[in-house]
Amino acid sequence: MKKIISITLLFILSLQTYAQIYETSNFKRNELKVDVLYPLIVKTLKVEYEYFLSDISSFGVVGFYNLGDHEYQNFKTQVLATYRLYFGEEPVSGFFFEGNLGVTSGRYDEGAGIQIQIGTRQPIENPYTAFGVGFALGWKYVIPKSGVTLDLLCGAGRMLGKNNIGFYTRFGVTVGKRF
C-alpha cells in the first residue's frame, strides 16, 4: 500500500512540475535593474541581474561599488547572490522574500589604533574580505506590456568571520527592464 501511495504522489508531483514549466514559458525570464535610491543616500552604485526560474522564484546577482569615502558603508565592493520567492498573482511580481549570500571587500579602521609615522598620526586601516548571509522583504510591480519593473526592498545581512565587520543593509528602490 505504501508503494502505491508513493508512486501516486510522485506521479502527481511530476505532473505539477510539468504544468509549471509549461505555464512559465510565455514570459521574459531576464531582468536588469539599477537602484535609484542607493547612490543618493550612501554614495554606492548598485546594479542587479535577475533570472526567473519559474513564475514564483528567481535567482539573481547584485553588484555594489562604493563611490564615496566609506563614510556610510564599510566596504569598497560587494557581490550578492540572491534567491527570491514571490507571492503575487502575476508571474514573478508582488510581495517577495529574498535570501542572499555575499562577498564583501574593503578596508576597516582598527578602532583607536594609531600608527605614528615621522611625527604624523594616522588611523591603521586593514584590508578585509568577508562572507555574509542575509534576507530581505520587498514588493515588485510590473508595468503591463512594457516590461518595466519597480522593486521596493528592505533587509539586512550579517558578516561572518573573525574580522568582526558587522552587518550590511539591503534596501533600495530599483527600476528595471525585462528582456
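The legends below describe close-up views of a predicted model of one protein.

**Figure 1. Overall layout of the predicted protein.** Residues are numbered from 1 along each chain as its sequence is written. In this predicted model, local features need pLDDT of at least 70, side-chain atom pairs count only at pLDDT 80 or more, totals for chains, interfaces and linings use all residues, and side-chain values use heavy atoms, with hydrogens and water left out. The protein has 2 helices and 8 strands, and along the sequence they follow the pattern α-β-α-β-β-β-β-β-β-β. Helices (H or I, at least four residues) and strands (E, at least two) are DSSP runs, numbered from the N terminus. Of the 179 residues, 34% count as buried; buried means under 20% relative accessible area, exposed over 50%, and partly exposed in between (1.4 Å probe, protein chains only). The protein exposes about 11200 Å², of which carbon and sulfur atoms supply 68%. Accessible areas come from the Shrake-Rupley method with a 1.4 Å probe, and for residues only the protein chains shown count as cover. Among contacts (heavy atoms within 4.5 Å) with a separation of 6 or more, 53% join residues 24 or more positions apart.

**Figure 2. Confidence along the chain.** The predictor's confidence in each residue is given as pLDDT, from 0 to 100. Its mean over the protein is 81, and 71% of the residues reach 70 or more. Among the elements, strand 1 (residues 30-35) has the highest mean pLDDT, 97, and helix 1 (residues 2-23) the lowest, 56. In residues 18-24, pLDDT stays under 50, and the model has 4 contacts beyond four places in sequence for them. Residues 112-117 also stay under 50, with 12 contacts beyond four places in sequence. Where pLDDT is low, the predicted coordinates should not be read in detail.

**Figure 3. Strands 2, 3 and 4.** Strand 2 (residues 44-52) and strand 3 (residues 57-66) pair in the antiparallel sense over 9 bridges; two strands pair if DSSP finds at least two bridges between them. These two strands form a hairpin with 4 residues between them. Strand 3 also pairs with strand 4 (residues 77-86), in the antiparallel sense and over 9 bridges. Val61 of strand 3 is the bridge partner of Tyr49, and the bridge partner of Val61 in strand 4 is Ala81.

**Figure 4. The largest nonpolar core and its aromatic rings.** A nonpolar core is a set of buried Ala, Val, Leu, Ile, Met, Phe, Trp, Tyr and Cys residues joined through side-chain atoms within 4.5 Å. The largest one has 11 residues: Tyr38, Val42, Val62, Phe64, Phe75, Leu80, Tyr128, Ala130, Met159, Tyr168 and Phe171. Helix 2 (38-42), strand 3, strand 6 (120-142) and strand 8 (167-178) each supply at least two residues of this core. A second, separate core has 7 residues, including Phe27, Tyr86, Val92 and Leu153. Leaving aside neighbours within four places in sequence, Phe171 is in contact with Asp35, Leu37, Tyr38, Ile41, Val42, Lys46, Leu153 and Cys154. Ring pairs link Phe171, Tyr38 and Phe64 into a cluster, and the structure holds 5 aromatic pairs. Rings of Phe, Tyr and Trp (its six-membered ring) pair if their centres lie within 6.5 Å; planes under 30 degrees apart count as stacked, over 60 as edge-to-face and the rest as tilted.

**Figure 5. Surroundings of Gly99 and Phe167.** Gly99 lies in strand 5 (residues 94-117) and counts as partly exposed because its relative accessibility is 25%. Residues up to four places away in sequence apart, Gly99 touches Ala81, Thr82, Tyr83, Gly134 and Phe135. Gly99 and Ala156 are 57 residues apart in sequence, and their C-alpha atoms are 9.9 Å apart. Phe167, in strand 8, is exposed, as its relative accessible area is 55%. With the same sequence neighbours left out, Phe167 touches Gly157, Arg158 and Met159. From Phe167 to Gly132 the C-alpha distance is 8.0 Å, with their positions 35 residues apart in sequence counted as separation.

**Figure 6. Two lysines with positive phi.** Lys43 is found in the loop between helix 2 and strand 2, and its phi is near 55 degrees, a positive value in a residue other than glycine. At 39% relative accessibility, Lys43 counts as partly exposed. Lys145 is in the loop between strand 6 and strand 7 (148-160) and has phi near 65 degrees, again positive in a residue other than glycine. Lys145 is exposed, with a relative accessible area of 91%.
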